[in-house]
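I opened the model today to go through its charge pairs, its chain symmetry and its DNA contacts. These are my notes, in the order of looking.

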Protein chains: 2
Amino acid sequence: MLARSGPPVDVVPVRRDDDTAEVDVLLCDPVGHTVQIEEYLTLVAALTTAPVLVFTWSSSPSSVRRALAAGARGFLSKGASSGDLASAIETVARGGLMSPAASRRARTPKGVAELSAREAEVLDLICAGMSNLEIADQLFVSVNSVKTYVRQIYQKIGVSRRAQAVAWGLAHGF
Amino acid sequence: MLARSGPPVDVVPVRRDDDTAEVDVLLCDPVGHTVQIEEYLTLVAALTTAPVLVFTWSSSPSSVRRALAAGARGFLSKGASSGDLASAIETVARGGLMSPAASRRARTPKGVAELSAREAEVLDLICAGMSNLEIADQLFVSVNSVKTYVRQIYQKIGVSRRAQAVAWGLAHGF
DNA sequence: GCCAGTTTCACCCGAGAGGGTGAGGCATTC
DNA sequence: GAATGCCTCACCCTCTCGGGTGAAACTGGC
């Protein structure tokens, strides 16, 4: 995704228990932790001296507010373009603050416009091959909630089974 | 797939009831018709004056023999590279005969080496979002057979559910 | 002819998915 | 405050899938 952006960006996967990685900006998706986002970001910030850029599907003003208040230097929706992501990384690496107000225009990739943040999140995990129960575990919700999202997703993207949803999702940037 | 090949090739979808399409080479996958491939190819040949290039997963010598005997000007495995496909189209368009002996080296794309032709065929249809029953209908076999293939595919590519198989398949050229 | 691999099929059973209905709580907007 | 959309959850039921077992027929190579 970033390979086609203008500025050169090296991506280094960082895991929770990896405290030796040197990065300029830490990209962090608090999926499953949105309820206690403050605690989560405090933990994440303790792992690195690099500024933290939250990169997740949810971009509700409440999440943004709380993430920034928790010390994140930026917040960007996964629906933003790769160019926006690259420039967000640059802004944060330079010590600036990246708020979604600057990227609100480039909101979602084409075809995802009608999915809510949560629905997009669930579709992301479906495309990763996870079962409903695994997704429920990951997001700390009931499997009934996941089934509801799955139904809504299928209606919105016009499919009727999982394989079709995966194919759709992968064709649309998930 | 062909967009990245050297020679320029225009692809025109041709359906069974479309007898006005002008094409130089007719690409034809007799999926589901391998038992009566002769009859099928006779029908196909009646649709066009263009040479017929069979493009399918199965590349058993028996299928090749019978397809060429039925009038096909070429036979190419779907496992072949896009370059091979493009040059096969050129060969056939020039009036040549395209037999798999020339493309046997570039047999399957990476990662599909262990799938049989039938298994690859089934995975193709899974990636198209079809259910087991639909696949069975398409291939004129029992749904029990399809389940068996699905099991074998999952074992070979190391997945345990459909969504994972779709993602794997799409990542490997299906 | 023998052997291995492939194709095909059946059956059993539990797990997972999918479609439906209904409901309450929260955040945002007017 | 009311309306709307979203999130969350429950429950019902059916369908599909997935893992297992077993078996027969065919093809190609040795």
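I started with Lys156(A), which counts as partly exposed at 39% relative accessibility (buried means under 20% relative accessible area, exposed over 50%, partly exposed in between, with a 1.4 Å probe and protein chains only). I then looked at Glu119(A), which is buried, with a relative accessible area of 4%. The side chains of these two, Lys156(A) and Glu119(A), meet in a salt bridge at 2.7 Å, N to O. I take a salt bridge as a side-chain nitrogen of Lys or Arg within 4 Å of a carboxyl oxygen of Asp or Glu. This pair links distant parts of the chain: Lys156(A) sits in helix H6 (residues 143-157) of chain A and Glu119(A) in helix H4 (residues 117-127) of chain A, 37 residues apart. Helices (H or I, at least four residues) are DSSP runs, numbered from the N terminus, as are strands (E, at least two).

A note on the ground rules: this is a predicted model, where local features need pLDDT of at least 70 and side-chain atom pairs count only at pLDDT 80 or more, while totals for chains, interfaces and linings use all residues. Residues are numbered from 1 along each chain as its sequence is written, chains are lettered from A and ligands numbered from 1 in the order in which they are written, and side-chain values use heavy atoms, with hydrogens and water left out.

**Salt bridges between chains**

How many salt bridges does the structure hold over all chains? I found 6. One of them brings together the side chains of Glu134(A) and Arg161(B), at 3.1 Å, N to O. Glu134(A) lies in helix H5 (residues 132-139) of chain A and Arg161(B) in the loop between helix H6 (143-157) and helix H7 (162-171) of chain B, so this pair joins two chains. Glu134(A) is partly exposed at 34% relative accessibility. Arg161(B) is partly exposed too, at 23%.

I then checked Arg161(A) and Glu134(B). Their side chains meet in a salt bridge at 3.2 Å, N to O. Arg161(A) lies in the loop between H6 and helix H7 (162-171) of chain A, and Glu134(B) in helix H5 (residues 132-139) of chain B, so this pair also joins two chains. I noted 22% relative accessible area for Arg161(A), which is partly exposed. Glu134(B) is partly exposed at 35%.

**Symmetry**

What rotation superposes chain B on chain A? I get 180°, with 0.2 Å of shift along the axis and an RMSD of 0.1 Å. That is the relation of a two-fold axis. The same surface serves both copies, as 100% of the contact residues of chain B recur in chain A (contact means heavy atoms within 4.5 Å). The superposition is by least squares on the C-alpha atoms of residues with pLDDT of at least 70 in both copies. Of the residues of chain B, Ala163(B) comes closest to the rotation axis, at 2.7 Å (C-alpha).

**DNA strand C**

I counted 20 residues around DNA strand C, the closest being Arg162(A), Ser116(B), Ser142(B), Asn144(B) and Tyr149(B). A residue is near a strand if one of its heavy atoms lies within 4 Å of it. H6(B) gives the largest share of this surface, 6 residues. Of the strand C atoms within 4 Å of the protein, 58% belong to sugar or phosphate and the rest to bases.

I looked at single polar contacts next (a pair of N or O atoms within 3.5 Å). A polar side-chain atom of Tyr154(A) lies 2.8 Å from a phosphate oxygen of DNA strand C. For Arg118(B), the distance from a polar side-chain atom to a phosphate oxygen of strand C is 2.7 Å. Which atom of DNA strand C is 2.9 Å from the side chain of Thr148(B)? I find a base nitrogen, facing an N or O atom of that side chain.

**DNA strand D**

Of the 19 residues around DNA strand D, Ser116(A), Arg118(A), Ser142(A), Asn144(A) and Tyr149(A) come nearest. H6(A) gives the most to this surface, with 5 residues. For strand D, 62% of the atoms within 4 Å of the protein belong to sugar or phosphate, and the rest to bases.

A polar side-chain atom of Arg118(A) lies 2.7 Å from a phosphate oxygen of DNA strand D. A polar backbone atom of Ser142(A) is 2.5 Å from a phosphate oxygen of strand D. From chain B, the side chain of Tyr154(B) has an N or O atom 3.0 Å from a phosphate oxygen of strand D.

Note on methods
Polar contact = N/O pair within 3.5 Å; in protein donor to acceptor, adjacent residues only side chain to side chain.
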